Amino acid sequence: MLEENLMLEEKVKGLLEEIVQENPGLFLIDLDVNAENHIRVVIDGDQGVSVNDCMEVSRKIENSLDREETDFSLEVTSAGAGQPLLFPRQFKKNIGRKLSIKTKDRVFEAELIDATDKNISVEWKTREPKPVGKGKITVKNEAVLDYAAIVEAKVMIKF
C-alpha cells in the first residue's frame, strides 16, 4: 500500500511539473498524498490564482490518472490569504503589502519593500521618545531579513 502511495505521489509530481512548465505564472506550494490516496494540491501564481486555474490543474491530473488502476480523491486549492508565505516567489508578488513577521527574536508588522531570492527588505514606523525634551517622534525603521531568519511571515489583510 505504501509503495502504491509513493508511486501515485511521484506521478502527480511529474504532472504538476508539466503543468507549471505549460503555465509558468503558476507554482506549487504543497502536494500531499495521504494513505487513503487523497491528493491535495496547493498552488499559487505570480498574478494570483483563479478558479479556472484550479480547474485546469484538477482536470489535467484527473485525466492523466487511471481510477481503474488506483482509486483516489483530488483537491486543488490556491494558497489561502492567511497562509504563511513560504517561497521567495510569494514574497516578490506581495511587494508593497504589509506583513506580520515573526523572527526568533520578535514579532512585528512592516511593509514589504523588496524581495530577492535570498532576502526581503522591510520598512515600518515606530513612536519613540524625543532625544531632547518631552514627547515622542515617529521614526522610520528599515531591515533586510534573510529568509532563514524568518520563522513566519503572513500578509496582513485589510478590511
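Is lysine 93 buried, exposed or partly exposed, and what is its relative accessibility? At 31% relative accessibility, lysine 93 counts as partly exposed, where buried means under 20% relative accessible area, exposed over 50% and partly exposed in between, with a 1.4 Å probe and protein chains only.

Before going further, note that this is a predicted model, in which local features need pLDDT of at least 70, side-chain atom pairs count only at pLDDT 80 or more, and totals for chains, interfaces and linings use all residues. Residues are numbered from 1 along each chain as its sequence is written, and side-chain values use heavy atoms, with hydrogens and water left out.

**Colour by confidence**

With pLDDT, the predictor's confidence in each residue from 0 to 100, as the colouring, the protein chain averages 92, and 99% of the residues score at least 70. Among the elements, which are DSSP runs numbered from the N terminus (helices H or I of at least four residues, strands E of at least two), H1 has the lowest mean pLDDT, 88, and S5 the highest, 97.

**Lysine 93 and helix H3**

Keep lysine 93 selected and add aspartate 44: their side chains meet in a salt bridge, 2.7 Å from N to O, the term being used for a side-chain nitrogen of Lys or Arg within 4 Å of a carboxyl oxygen of Asp or Glu. The pair links distant parts of the chain, with aspartate 44 in strand S2 (residues 38-45) and lysine 93 in helix H3, 49 residues apart. Aspartate 44, at 7% relative accessibility, counts as buried.

Also in helix H3 is glutamine 90, which is buried with a relative accessible area of 3%. Not counting residues up to four places away in sequence, glutamine 90 touches Phe27, Ile29, Asp44, Ala79, Pro84 and Leu85, a contact being heavy atoms within 4.5 Å.

**The aromatic pairs**

Next, show the aromatic rings, for which a search of the whole structure finds two pairs. Rings of Phe, Tyr and Trp (its six-membered ring) pair if their centres lie within 6.5 Å, and planes under 30 degrees apart count as stacked, over 60 as edge-to-face and the rest as tilted. The ring centres of phenylalanine 91 and tyrosine 147 are 5.1 Å apart and the planes stand at 55°, so this pair is tilted. Phenylalanine 91 belongs to helix H3 (residues 88-93) and tyrosine 147 to the loop between strand S7 (136-146) and strand S8 (150-155), 56 residues apart, and both residues are buried.

The other pair to select is phenylalanine 108 with tryptophan 124, again tilted, at 4.8 Å centre to centre and 45° between the planes. Phenylalanine 108 lies in strand S5 (residues 107-115) and tryptophan 124 in strand S6 (residues 119-129), so the pair ties together parts that are 16 residues apart in sequence. Phenylalanine 108 and tryptophan 124 are both buried.

**Charges over rings, and further salt bridges**

Add arginine 106, whose charged end sits over the ring of phenylalanine 108, 4.1 Å from its centre; the criterion is NZ of Lys or CZ of Arg within 6 Å of the ring centre and within 35 degrees of the ring normal. The charged end of arginine 67 likewise sits over the ring of phenylalanine 72, at 4.0 Å from its centre. Arginine 67 also forms a salt bridge with aspartate 71 (3.8 Å, N to O); arginine 67 is partly exposed at 39% relative accessibility, whereas aspartate 71 is exposed at 58%.

The whole structure holds 11 salt bridges, including a network that links Glu18, Glu22 and Lys60.

**The nonpolar cores**

Now select Val12, Leu16, Ile39, Val41, Val57, Ile61 and Leu65, which touch the most other members among the 18 residues of the largest nonpolar core, a set of buried Ala, Val, Leu, Ile, Met, Phe, Trp, Tyr and Cys residues joined through side-chain atoms within 4.5 Å. Two or more residues each come from helix H1 (2-22), strand S1 (26-33), S2, helix H2 (51-64) and strand S3 (73-78), and H1 gives the most, with five. Leaving aside neighbours within four places in sequence, valine 12 is in contact with Leu31, Ile39, Ile61 and Leu65. A second, separate core of 17 residues includes Leu85, Ile101, Ile120 and Leu145.

**A last stop at asparagine 37**

Finish in the loop between S1 and S2, the place of asparagine 37. Asparagine 37 has a positive phi of about 65° although it is not a glycine, and at 5% relative accessibility it counts as buried.
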